[in-house]
Amino acid sequence: MKWFIRLLFVLVVFGWLAAQLNFINADAVFHSPSVGRGDFTDEGLNTFQLRNFINHGELNFNSGDDLIKTPLYNLLLFLPLKFIGNTFTVARISYLLLVLLLALVCTRYTNQKFGLLFFLIPMLHEVIFQYSHMVMAEMSASICVATFIILIHRAVLRIDFNLSRFILASTLPLVTFILKIQFAYTLLLIPFYAVVIYLSKVWIDFVWMKIGLMISVLIAGILLFIFSWYLPLKNVFTTQLHDQSFSFTINSYTINTIAFNIKWLWQTGNSKIYIIAFVLCVLVGCYLMKKSDVPYRHRFLLALFWCALESHKLMMSYLPHRYMISVWFAMGFLISIVLLELFTVYPYRFFQYPFAAVAFIISISQLSNIFWQWKHQAYNIENINKQMSNLQLKNETVVGVWATIEAWNSGAMVYPLWNHQQIKNPIQKLHADYIISEFDEGDSDGAFIK
């Protein structure tokens, strides 16, 4: 039976990768309604400063807020873009391979059944599937959190306590944070798990040493970030992060916002099955706390706490797909953990067939979304990039939010522009040779009209 599960896992991974490659140059496409233009522009916005540096040797932190928010993410993309090719396709393939590598590392430290569930449930969700090849930091950050949950409980609970492995596992929330600083809330997983370890100390030796090491790694990582990144760039942080696109407030309308977002997510693609499975797995997972061993309890509590941390996004009045990547991923990760435990606690086929059927139904519902995406593929961004490349723009400057994605392959110097930047004369100041803008300048909030 083990060889069959291993073979099935390999086939699913190759099938997932083959499906991803089919979308590698396609525009973002979702079965569910999209909010905003970020699904199409943010790949360019997140990387334009890095690409300007590679193409022209200019490292301009003040040209946008993306580089200061995603330092490790841009660093990981530097080598392939610098030495393979600074193109849209190279960036997407490089990021896809990074996501796949992280996913395989995550599943490497558990059994093949979990790996199978991991690729069949969270990795097949339509939003997660699309963003696995789109050049944004959210997917790599989400998998780092999942890997932390898998590794840290092993490092803590195994008898052959490995100090280096434990420290490495403890750094993963920091890695998530440095990939994109908006994931700072995931750092709370470390103090939460310290509490879980303390409450479980009847089973664990050296409990204070392990808690102390985790907290020390957290504090050291935060201090390193502050002194090596934040303080040297404090002025950039102050000027660039004052006008973010999300809206997170707690007031009299918060309950209505939460209700609206839940209703919207319920109507997203085939997410009804996904959400129902999540709710049931939370309930079943809590029940299994009484029947299962300590490792499961730690995994489940960490996954549940991660879902609780992600729930703050339901209070946002602006909730595009990219904000929901880690939410859907956390939910699918918890579903996988609970289904794996059901297979473990109830090893008889009479019980396992229904559990396998649940995983199959969730997977099929998500595959129907991916099939819809495949039928509705478009290649507008790729085609515009080809046209822009024919204009010989290597020594030119192209300005506009859309310029960062549509002039990617041209080698031009690119700058986004928004009205809130309050540049007195943007054309003259940025030495613009070309402007790419929507007709009503909605992308820049009327920066050029002003």
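## Salt bridges, a small sheet and buried helices

The side chains of Arg 37 and Glu 438 form a salt bridge, with 2.7 Å between N and O. This pair links distant parts of the chain: Arg 37 sits in the loop between α1 and α2 (38–45), Glu 438 sits in the segment after β3 (434–435), and 401 residues separate them. Arg 37 has a relative accessible area of 31%, so it is partly exposed. Glu 438 is also partly exposed, at 22% relative accessibility. The model described here is a predicted one.

### Overall build

The protein chain contains 22 helices and three strands. Its radius of gyration is 23 Å, close to the 22 Å that the globule rule gives for 450 residues, so the chain is as compact as a globular protein of that length. Along the principal axes, the C-alpha atoms fill a box of roughly 70 × 50 × 50 Å.

Of the 450 residues in the protein chain, 53% are buried. The chain exposes about 20600 Å², and carbon and sulfur atoms supply 66% of that area. Contacts can also be sorted by separation along the sequence. Among contacts in the protein chain with a separation of 6 or more, 75% are between residues 24 or more positions apart.

### Salt bridges

How many salt bridges does a search of the whole structure find? The search finds seven. Three of them, including the pair already described, are listed below.

| Pair | N to O distance |
|---|---|
| Arg 37 and Glu 438 | 2.7 Å |
| Lys 69 and Asp 65 | 3.6 Å |
| Lys 180 and Glu 138 | 2.5 Å |

Lys 180 lies in the loop between α11 and α12, while Glu 138 lies in helix α9, so their salt bridge ties together parts that are 42 residues apart in sequence. Are Lys 180 and Glu 138 buried or exposed? Both are buried.

The pair of Lys 69 and Asp 65 can be described in the same terms. Lys 69 has a relative accessibility of 9% and counts as buried, because the cut-off for that class is under 20%. Asp 65 is buried as well, with a relative accessible area of 12%.

### Helix α11 and its surroundings

Helix α11 covers residues 172–179 and is mostly covered, with six of its eight residues buried. The buried residues are Leu 172, Pro 173, Leu 174, Thr 176, Phe 177 and Leu 179. Which helices do the buried residues of α11 pack against? They pack against α4 (66–69), α5 (71–83), α9 (138–157), α10 (163–170), α12 (189–199) and α13 (207–230).

Helix α9 is the location of Thr 147. Thr 147 has a relative accessible area of 6% and is buried. Leaving aside neighbours within four places in sequence, Thr 147 is in contact with Leu 102, Val 105, Cys 106 and Leu 172. One of these partners, Leu 172, is among the buried residues of α11. Thr 147 and Ile 335 are 188 residues apart in sequence, and their C-alpha atoms are 15 Å apart in space.

### Exposed and partly exposed sites

Arg 108 belongs to helix α6, which spans residues 88–108. At 58% relative accessibility, Arg 108 is classed as exposed, because that class takes values over 50%. Between the C-alpha atoms of Arg 108 and Phe 260 there are 39 Å in space, and the two residues are 152 residues apart in sequence.

A nonpolar patch of about 510 Å² lies on the surface. Which residues make the nonpolar surface patch? Trp 3, Phe 4, Leu 7, Leu 8 and Leu 11 make it. Leu 7 is part of helix α1, residues 2–21. With 41% relative accessibility, Leu 7 counts as partly exposed.

### The sheet

The three strands of an open sheet follow the order β2-β1-β3, and their pairing is parallel. The edge strands are β2 (413–415) and β3, and each of these pairs on one side only. Strand β1, residues 397–399, pairs with β2 in the parallel sense over three bridges. Which residue in β2 stands opposite Thr 397? That residue is Met 413.

Key:
Residues numbered from 1 in each chain as written. Predicted model: local features only at pLDDT ≥ 70, side-chain atom pairs only at ≥ 80, totals over all residues. Heavy atoms only, no water. Patch = residues over 30% accessible without salt bridge, like charges linked within 9 Å, V, L, I, M, F, W, Y side chains within 5 Å. Areas by Shrake-Rupley, 256 points an atom, 1.4 Å probe, with all protein chains shown as cover. Salt bridge = Lys/Arg side-chain N within 4 Å of Asp/Glu carboxyl O. Helix = DSSP H or I, 4+ residues; strand = E, 2+ residues; numbered from the N terminus. Buried < 20%, exposed > 50% of the residue type's maximum accessible area, 1.4 Å probe, protein only. Contact = heavy atoms within 4.5 Å. Pairing = 2+ DSSP bridges. Rg over C-alpha atoms; globule rule 2.2 N^0.38 Å.
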